[in-house]
Amino acid sequence: MKTCLVVDDSRVIRKVARRILENLQFEVLEAADGLEALNACKTAMPNAILLDWNMPVMDGITFLRQLRKEEGGKAPVVVFCTTENDLSHITEALTEGASEYIMKPFDGEILEAKFSEVGLI
Amino acid sequence: MSPEDTEHLAAMLKQRSGLILGSDKTYLIESRLAPVARREGFANVAALLTSLRTRRDEKLIYTVTDAMTTNETFFFRDKTPFDQFKSDVLPALAKTRLSGDIKIWCAAASTGQEPYSLAMMMEDMRHQYPRINLDILGTDISERCLEKAQSGLYTQFEVQRGLPIQMMVKYFEKVDEMWRLSPKIRQAIRFRKLNLLDNLHSVGRQDVIYCRNVLIYFDLETKKRVLEQIANLLADDGYLFLGAAETVLGITDAFKPMTGMRGLYVKNTAAAATAPRRFGT
Ligand SMILES: C[S@@+](CC[C@H](N)C(=O)[O-])C[C@H]1O[C@@H](n2cnc3c(N)ncnc32)[C@H](O)[C@@H]1O
């Protein structure tokens with residue numbers, strides 16, 4: 001079973017994402033900010049990361065830069081999932097090594113399509 | 001809604017667009033026509049249908065016919081027909097079309113995602129096929145859809161359905177809350193109103209025809225008539241793509257399926273019989 005770490009400061013979003021991902025046969029882990037996510041990754045690298053941008057403590061893009069410096073940190077497929085929907089944010093995310101980008105609001109269909117686009121399902 | 005009115009509507013739709021209204025489509029009629037009734041100043045859908053039956057208002061007939069079409073589509077829908085184009089159809093045609101021009105017709109283009117997907121894909125392969133020019137025609141019965149297709153403007157939801165993010169970044173710009181295709185891709189497609197029930201002669205010779213997810217709405221006889229007209233337009237060594245739920249089997253022998261290529265058909269003429277029906281042979 002593939003693992004997906006859902007990183008979002010909104011409990012509601014994490015819950016929605018968890019439900020969709022579990023239906024897609026993922027084992028889901030959660031983190032409420034970038035730092036929590038980084039610690040989770042140091043313990044065990046997930047196969048996929050669904051990543052919010054704006055979060056307290058450490059935001060998504062900072063987390064992504066740190067992650068890629070970690071041992072084994074190049075492996076997880078990162079999909080941003082954020083309300084930031086302008087080209088400059090999207091381009092920055094892709095430059096830092098995100099594979100896909102979901103603009104909120106999203107639904108199960110979009111998440112599934114994006115995950116299949118990057119070969120996660 | 002009175003039974004006479006719904007029967008009249010069903011007959012009118014079959015004649016105008018080929019659409020077969022199954023039984024118990026009250027919900028569909030209501031949901032599609034309520035906005036039309038409101039816009040046209042009728043008290044409700046029932047009043048609209050009665051007027052449709054008793055007066056012969058061509059404009060209203062067209063508006064209703066258009067509103068009853070199903071326009072669902074998205075970028076790179078079903079993927080396979082685009083993968084097959086890239087891996088097999090395009091390389092085969094690139095060898096034989098010495099002028100470099102390849103003519104493609106999207107026969108039910110709806111809001112444009114299908115032809116635009118082809119144009120973006122081709123642009124991504126520019127360096128590989130510097131000589132090739134796709135001449136893409138998109139047609140549909142729905143003026144509403146064609147207008148949107150021509151504008152190249154899509155909602156955030158639409159650009160997230162099937163479109164890889166790299167392509168969105170490369171070919172779209174953000175305009176307020178919408179996303180607009182770059183002029184280069186928009187200019188690659190000609191859009192035109194065309195009813196598949198009419199004489200299709202004006203479309204001219206085509207190398208590839210995408211006729212996806214429209215025949216499903218027609219009855220057998222209409223499917224046959226449309227497919228046979230399409231066969232007359234397709235080059236003998238051309239290709240036809242149908243939707244995932246569509247086939248020619250049991251409808252016409254103008255086409256035959258390609259082995260190992262789901263949804264892809266070639267002509268079944270004497271001339272085409274000598275051409276391989278399998279790629280790479
Ligand atoms: C479900 S969409 C398919 C769009 C696209 N080919 C795809 O597969 O995603 C069907 C389209 O067929 C069009 N259509 C229905 N009847 C038609 C007719 N008689 N002539 C031309 N287009 C028609 C509708 O307006 C609609 O846009």
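User: What makes up the shell around the ligand in this predicted model, by residue class?
Analyst: The shell divides into 7 nonpolar, 9 polar and 5 charged residues. The model is predicted.

User: Which residues of the shell are closest to the ligand?
Analyst: 21 residues surround the ligand. The closest are B:T73, B:A108, B:D140, B:L196 and B:N213.

User: Why is the pair between B:N71 and the ligand called a polar contact?
Analyst: The cut-off is 3.5 Å between N or O atoms. An oxygen atom of the ligand is 3.1 Å from an N or O atom in the B:N71 side chain. That is within the cut-off, so the pair counts as a polar contact.

User: What makes B:N195 and B:L196 polar contacts of the ligand?
Analyst: Take B:N195 and its side chain. A polar atom there lies 2.9 Å from a nitrogen atom of the ligand. For B:L196, a polar backbone atom is 2.8 Å from a ligand nitrogen atom. Both values are within 3.5 Å, so both pairs qualify.

User: How much of the ligand does the protein bury?
Analyst: Taken alone, the ligand exposes 610 Å². The protein buries 98% of that.

User: Which cavity does the ligand take up?
Analyst: The space taken by the ligand is the largest cavity.

User: How do you know that chain B and chain A are in contact?
Analyst: Contact means heavy atoms within 4.5 Å. By that test, 18 residues of chain B are in contact with 18 residues of chain A, so the chains do touch.

User: What area do chain B and chain A bury between them?
Analyst: About 1500 Å², with 54% of it on carbon and sulfur atoms. B:Q156, B:Q160 and B:I165 supply 40% of the area that chain B buries against chain A, more than any other three residues.

Key:
Residues are numbered from 1 along each chain as its sequence is written. Chains are lettered from A and ligands numbered from 1 in the order in which they are written. This is a predicted model: local features need pLDDT of at least 70, side-chain atom pairs count only at pLDDT 80 or more; totals for chains, interfaces and linings use all residues. Side-chain values use heavy atoms; hydrogens and water are left out. A residue is near a molecule or strand if one of its heavy atoms lies within 4 Å of it. A polar contact is a pair of N or O atoms within 3.5 Å; within protein, one must be able to donate a hydrogen and the other to accept it, and residues adjacent in sequence count only if both atoms are side-chain atoms. Accessible areas come from the Shrake-Rupley method with a 1.4 Å probe; for residues, only the protein chains shown count as cover. On a 1 Å grid over the protein atoms alone, a cavity is a set of points where a 1.4 Å probe fits but cannot get out, and a pocket is an open set with protein on both sides within 12 Å along at least five of seven lines; lining residues have an atom within 4 Å of a point. A molecule sits in a cavity or pocket if more than half of its atoms lie within 2 Å of its grid points. Ala, Val, Leu, Ile, Met, Phe, Trp, Tyr, Cys and Pro count as nonpolar, Asp, Glu, Lys and Arg as charged, and the others, Gly among them, as polar. Buried area is the accessible area (1.4 Å probe) that two parts lose on being put together, summed over both.
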